[in-house]
Amino acid sequence: MKYLACALLWLGLVLTAQAQPMGDPTPLQYRDRAEEARFHALTAELRCVQCQNQSLADSNAQIAHDLRREVLKLMHEGRSDAEIKQFLVDRYGEFVLYRPQMEGSTLLLWFGPALLLIGGAVVLVMYVRRRARAVPVAEDNGDASQEDRQW
């Protein structure tokens, strides 16, 4: 009986831990198709701050729902895409942008992959050259066995 009570308590805790408060269930209202297209393009360029690997448009997290409503509200206020992005950057940091601005603090982010690729190529070339120098060149004097000829 003690184990059953413990299991039920655990199950109850697990289920309540995953519960999220319900957001506003009303669908987003666009003024026209152009505004809807602009909204979808803009939210595709912004990262969900909770999911981190999904865009704001793709995320199903509660904060993503709230941010999509905030973006649409800012659009209705007449703000430009750049102003909306700056508002979110001020609030959440450069991380919210899928394509952050190129500045001193993000240079490694922009050029890091290329530097790693070039560094890997340099290491590979050095390894191949060193290995080529280490293998002795066998002289073919006619007495070599079949094994030596294949090498």
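What follows is a look at the fold of this chain, the packing around helix α3, and one buried loop residue.

The model is a predicted one. It is an all-helical affair as far as regular secondary structure goes, with 6 helices and 0 strands, so the pattern read along the sequence is simply α-α-α-α-α-α. Of the 151 residues in the chain, 19% count as buried. The accessible surface adds up to about 12,000 Å², and carbon and sulfur atoms account for 60% of that area. As for how the chain contacts itself, take the contacts between residues at least 6 apart in sequence: 49% of these join residues at least 24 apart.

Helix α3, which spans residues 62-76, packs against both α2 and α4. Start with α2, residues 33-44. The axes of α2 and α3 come within 11 Å and cross at roughly 130°. An angle from 115 up to 145 degrees falls in the oblique class, and α2 and α3 are therefore oblique to each other. Their crossing is right-handed. On the α2 side, the residues involved are E35, R38, F39, L42 and T43; facing them from α3 are R68, V71, L72, M75 and H76. Sorted by class, this contact between α2 and α3 comprises 5 nonpolar, 2 polar and 3 charged residues.

On to α4, which covers residues 81-92. Here the axes of α3 and α4 sit 10 Å apart, with a packing angle of about 140°. That makes α3 and α4 oblique to each other too, and α3 passes α4 in a right-handed crossing. From α3 the contact draws on I63, L67, E70, V71, L74 and M75, while α4 supplies I84, F87, L88, R91 and Y92. By class, the contact of α3 with α4 holds 9 nonpolar and 2 charged residues, with no polar ones. V71 and M75 turn up in both contacts, meeting α2 as well as α4.

Then there is L56, in the loop between α2 and α3. Is this loop residue buried or exposed? With a relative accessible area of 1%, L56 is buried, because the cut-off for burial is under 20%. Leaving aside residues up to four places away in sequence, L56 touches T43, L46, R47, C48, A64, L67, R68 and V71. Several of these neighbours also figure in the helix packing: T43, R68 and V71 belong to the contact of α2 with α3, and L67 and V71 to that of α3 with α4. A further distance helps to place the loop residue: the C-alpha atoms of L56 and D66, which are 10 residues apart along the chain, are separated by 10.0 Å.

Definitions and conventions. Residues are numbered from 1 along each chain as its sequence is written. This is a predicted model: local features need pLDDT of at least 70, side-chain atom pairs count only at pLDDT 80 or more; totals for chains, interfaces and linings use all residues. Side-chain values use heavy atoms; hydrogens and water are left out. Axes are lines fitted to C-alpha atoms, for helices over the stretch in contact, and angles run from 0 to 180 degrees between N-to-C directions. Helices (H or I, at least four residues) and strands (E, at least two) are DSSP runs, numbered from the N terminus. Angles under 35 degrees count as roughly parallel, over 145 as roughly antiparallel, 65 to 115 as roughly perpendicular and the rest as oblique. A crossing is left-handed if the near helix is turned anticlockwise from the far one by less than a right angle, and right-handed if clockwise. Contact means heavy atoms within 4.5 Å. Ala, Val, Leu, Ile, Met, Phe, Trp, Tyr, Cys and Pro count as nonpolar, Asp, Glu, Lys and Arg as charged, and the others, Gly among them, as polar. Buried means under 20% relative accessible area, exposed over 50%, partly exposed in between (1.4 Å probe, protein chains only). Accessible areas come from the Shrake-Rupley method with a 1.4 Å probe; for residues, only the protein chains shown count as cover.
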